[in-house]
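This report looks at the cavities inside one protein, then at one helix and one residue. Have the sequence and the 3D view at hand.

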Amino acid sequence: MIEDGARASSRPGGPRRRIAAVDLDVVFLGTSGSTPTAQRSVAATLVRRGGDRLLVDCGEGTQRQLLRSDIGLVELEEVFLTHYHADHYLGLPGMLKTFALRGRELPLTVYGPPGLRELLRTLRRVFGKLPYRLQAVELAAGDALARDGYRIEAFDVRHGVSAVGYALVEERRPGRFDVATADRLGIPSGPERGALQRGEEVRLPDGTAVRPADVLGEERPGRKVVLSGDTAPAAAVVEAAAGADLLVHEATFCAEERERARETLHSTAGEAALVGREAGVRMLALVHLSSRYQGPDVAEEARTLFPETVVPRDFDVVEIPFPERGPPELVARGARSGRAGVRSGL
């Protein structure tokens, strides 16, 4: 049964939680444009944060890409579609059917722009009856989904159809705990220090009140990952990606096909680089490459405008540490078992 989900809140609320240090990375399962090639599958990207697995787009062959990786076909709970061109969703009905054949019982939620419910009703003839609950939630630009320690925001793109991009935005983190100051104030090691790090005031045995601000530095930013989906260069994408640690942006064409890019509302590598530069992102990853180009062609054009550009291959991974621990890093073939990951730029 396909259930209609409630519309996402545009103002996520709830109490602020202390942010635990969790791993964050992006796995590139499909980096080709509208058609697969021998080296690249079509659109599919997996964002991993702690134990959460968020699949963004599900092009033809996505479940096989997962099986070929060291991730496997995990029991995904959430799939996010950017739009409804076939190269971004044709892998979904097969994946839903495979989950059914495996006897899945865990519910699954699919998110996407308006038109999602109609799409899933049409695809029902392909994947048939499911033994688990399938929920459809339509998102518009400005909608946000609150999660533990982060939120997922939908934003506008320019692709001529119902389409959105997605931003994973972590909450701000408490400042560093000043051990020397805590020692000087006589705060014992143990629960009191933990309470202060959680933002709670504590009272010492002599009655002295110690506030979190007395021992914590300024709040530190969380991380931000932005995925544009298919789009022409757009101010809305620049705004959504402002200050992002990683922007995953399409680069279907190179400069000689600029007119074709404009006609189809796609981006050239140079245009995507300008978006990354204007947004001030730490790393730009270019995907959705036309089969007429090789990675080095796209990288060369983009890096003349924005040097912090990478062009991932399928199964590459971008690891995203907290800013104070270093910049994002591309690990070549990082999602393939038995293959040592090495830093790569193409």
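Which strand gives the most to the lining of the largest cavity? It is S14, with three residues. Bear in mind that this is a predicted model.

**The cavities**

Searching the whole structure turns up two cavities of 30 Å³ or more. The table sets them side by side.

| Cavity | Volume | Lining by residue class | Top contributor to the lining |
|---|---|---|---|
| Largest cavity | about 160 Å³ | six nonpolar, ten polar, three charged | S14, three residues |
| Second largest cavity | about 70 Å³ | nine nonpolar, no polar, no charged | S10, three residues |

Start with the largest cavity, at about 160 Å³. Its lining is made up of 19 residues, and Ala-43, Thr-45, Asp-57, Gly-229 and Val-287 are the closest to its centre. Two strands each supply at least two lining residues: S3, residues 44-49, and S14, residues 246-250. Polar residues number ten in this lining, alongside six nonpolar and three charged ones.

Now the second largest cavity, at about 70 Å³. Its lining consists of Val-47, Leu-54, Val-56, Phe-80, Ile-152, Tyr-166, Ala-167, Leu-168 and Leu-227. Strand S4 (52-56) and strand S10 (164-170) are the elements that give two or more residues here. S10 leads with three. The lining holds nine nonpolar residues, no polar ones and no charged ones.

**Thr-45**

Thr-45 is among the residues closest to the centre of the largest cavity. It sits in strand S3. Is Thr-45 buried or exposed? Thr-45 counts as buried, because its relative accessibility is 8% and the cut-off for buried is under 20%. Neighbours within four places in sequence aside, Thr-45 contacts Val-26, Val-27, Phe-28, Leu-54, Leu-55, Val-56, Asp-57 and Leu-227. Three of these names also appear in the lining of the second largest cavity: Leu-54, Val-56 and Leu-227.

**Helix H10**

Helix H10 spans residues 295-303. Which of its residues are buried? They are Gly-295, Val-298, Ala-299, Glu-301 and Ala-302. These residues lie on the same side of H10, because they cover an arc of only 165° around the axis. What do the buried residues of H10 pack against? Their partners are helix H9 (269-279), strand S15 (284-287) and strand S16 (309-310).

How values were computed:
Residues are numbered from 1 along each chain as its sequence is written. This is a predicted model: local features need pLDDT of at least 70, side-chain atom pairs count only at pLDDT 80 or more; totals for chains, interfaces and linings use all residues. Side-chain values use heavy atoms; hydrogens and water are left out. On a 1 Å grid over the protein atoms alone, a cavity is a set of points where a 1.4 Å probe fits but cannot get out, and a pocket is an open set with protein on both sides within 12 Å along at least five of seven lines; lining residues have an atom within 4 Å of a point. Grid points are joined across faces, edges and corners, and a volume is the space filled by probe spheres set on the points. Helices (H or I, at least four residues) and strands (E, at least two) are DSSP runs, numbered from the N terminus. Ala, Val, Leu, Ile, Met, Phe, Trp, Tyr, Cys and Pro count as nonpolar, Asp, Glu, Lys and Arg as charged, and the others, Gly among them, as polar. Buried means under 20% relative accessible area, exposed over 50%, partly exposed in between (1.4 Å probe, protein chains only). The arc is that of the directions from the helix axis to the C-beta atoms. Contact means heavy atoms within 4.5 Å.
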